[in-house]
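Biologist: I have a model open and would like to learn how to read its strands, its core and its ligand site. Could you take me through it?

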Amino acid sequence: MAVPKVRRQSGAARIVARDLMARLGHPPEAIPRTRGEPPCWPVGLVGALAHDSDFAVAAVSKTGRYRGIGIDIEPDLPLPPGLEADISTPQELARYTPDLLSSRLLLVIKEAVYKAVNPMDGIPLGFQDVNVDIGDMTCCTTSGWTVSIKTVTSPVICALAVLDNA
Ligand SMILES: CC(C)(COP(=O)(O)OP(=O)(O)OC[C@H]1O[C@@H](n2cnc3c(N)ncnc32)[C@H](O)[C@@H]1OP(=O)(O)O)[C@@H](O)C(=O)NCCC(=O)NCCS
């Protein structure tokens, strides 16, 4: 059944997050799940979770370091055919190689960016609202945020998006 499976994945991401909280010297408090919403982080912490059927990841920081954090993962598989123009902006389509555009990298980056900024302003963003600059590893959103990113592409595609406190 799908629902218990998702709950297990969600729980796995929370195990990772509580381990990170402990490394930050924070007691292992619960991270309540809110349906279709950002998780509820303990006071003083900011973070993000992502999970699929094989992997669960989390990123956690003290609020003094970052204002917002997002993380996302996807299998290292090509996008379903025909989705490039939905995921990529016209600038990205003009700028990046076919290999990059047909991978899931921009999708993963944009979902990580969404998770970093949406809890702060509640503004819904679509894929066309985020422009990714792979050269300087930043993204700009139509809602006015500039977010730094880090990525890995093996064994899964994973992106971390952080919004500095400065
Ligand atoms: C939030 C969203 C990106 C999650 O992506 P997903 O592939 O379904 O699932 P993931 O495993 O990557 O992430 C799930 C986790 O995201 C977190 N999350 C959900 N909504 C969130 C939000 N608005 N802000 C930050 N984090 C959120 C939750 O922690 C959730 O896990 P949980 O239910 O166990 O607590 C997606 O559900 C969504 O709302 N998309 C619409 C916006 C969008 O994608 N725009 C295009 C990119 S800009």
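**Reading strands, core and ligand site**

Modeller: Gladly, and let's begin with one pair: Leu 45 sits opposite Lys 62, a residue of β2. Keep in mind that this is a predicted model.

Biologist: How many bridges join β1 to β2, and do they run parallel or antiparallel?

Modeller: Strands of a sheet pair through backbone hydrogen bonds, in a parallel or an antiparallel way. Here β1 and β2 run antiparallel and are joined by 7 bridges. The connection from β1 to β2 is a hairpin of 4 residues.

Biologist: Now the sheet of 5 strands: what is the strand order?

Modeller: The order is β3-β7-β6-β5-β4, an open sheet with antiparallel pairing. Since β3 and β4 are at the edges and each has a single partner strand, one side of each has no neighbour in the sheet. On average, neighbouring strands of this sheet are turned by 25° against each other, direction ignored.

Biologist: Which helix lies across these strands?

Modeller: That is α5, which lies across β3, β4, β5, β6 and β7 and runs at about 150° to β3.

Biologist: Let me zoom in on β4. Which residues make up its covered face, and which its uncovered one?

Modeller: The general idea is that side chains in a regular strand alternate between the two faces of the sheet. In β4, Val 130 and Val 132 form the covered face, while Asn 131 and Asp 133 form the uncovered one.

Biologist: Why does Asp 133 count as partly exposed?

Modeller: Count the neighbours: a residue is buried with 20 or more other C-beta atoms within 10 Å and exposed with 12 or fewer. Asp 133 has 14 within 10 Å, so Asp 133 is partly exposed.

Biologist: And what is Asp 133 in contact with, leaving aside its neighbours within four places in sequence?

Modeller: Those contacts are Thr 138 and Cys 139. Thr 138 is also the bridge partner of Asp 133 in β5. Another residue to look at is Arg 95: it is 38 residues from Asp 133 in sequence, yet their C-alpha atoms are 9.4 Å apart in space.

Biologist: How do β4, β5 and β6 link up?

Modeller: β4 and β5 run antiparallel, joined by 4 bridges. Their hairpin has 4 residues between the strands, and Met 137 takes a positive phi near 55° there. On the other pairing, 3 bridges join β5 to β6, again antiparallel; Thr 138 has Ser 148 as its bridge partner in β6.

Biologist: Which residues touch the most other members of the largest nonpolar core?

Modeller: That core has 39 residues, and the ones touching the most other members are Val 108, Ile 109, Ala 112, Val 113, Ala 116, Val 147 and Ala 161. Among the elements giving two or more residues to this core are α1, β3, α5 and β7. The largest share, 10 residues, is from α5. Take Ala 112 as an example: beyond four places in sequence, its contacts include Gly 70, Ile 71, Ile 149 and Ala 161.

Biologist: Finally, how many residues surround the ligand, and which are the closest?

Modeller: There are 23 around the ligand, the closest being Ser 10, Pro 38, Ala 50, Tyr 114 and Lys 115. By class, the shell has 11 nonpolar, 5 polar and 7 charged residues. α1, β1 and α5 each supply at least two shell residues. The largest share, 6 residues, comes from α5.

Technical notes. Residues are numbered from 1 along each chain as its sequence is written. This is a predicted model: local features need pLDDT of at least 70, side-chain atom pairs count only at pLDDT 80 or more; totals for chains, interfaces and linings use all residues. A residue is near a molecule or strand if its C-beta atom, placed from the backbone, lies within 6 Å of it. Ala, Val, Leu, Ile, Met, Phe, Trp, Tyr, Cys and Pro count as nonpolar, Asp, Glu, Lys and Arg as charged, and the others, Gly among them, as polar. Two residues are in contact if their C-beta atoms, placed from the backbone, lie within 7 Å. A nonpolar core is a set of buried Ala, Val, Leu, Ile, Met, Phe, Trp, Tyr and Cys residues joined through C-beta atoms within 7 Å. Two strands pair if DSSP finds at least two bridges between them. Axes are lines fitted to C-alpha atoms, for helices over the stretch in contact, and angles run from 0 to 180 degrees between N-to-C directions.
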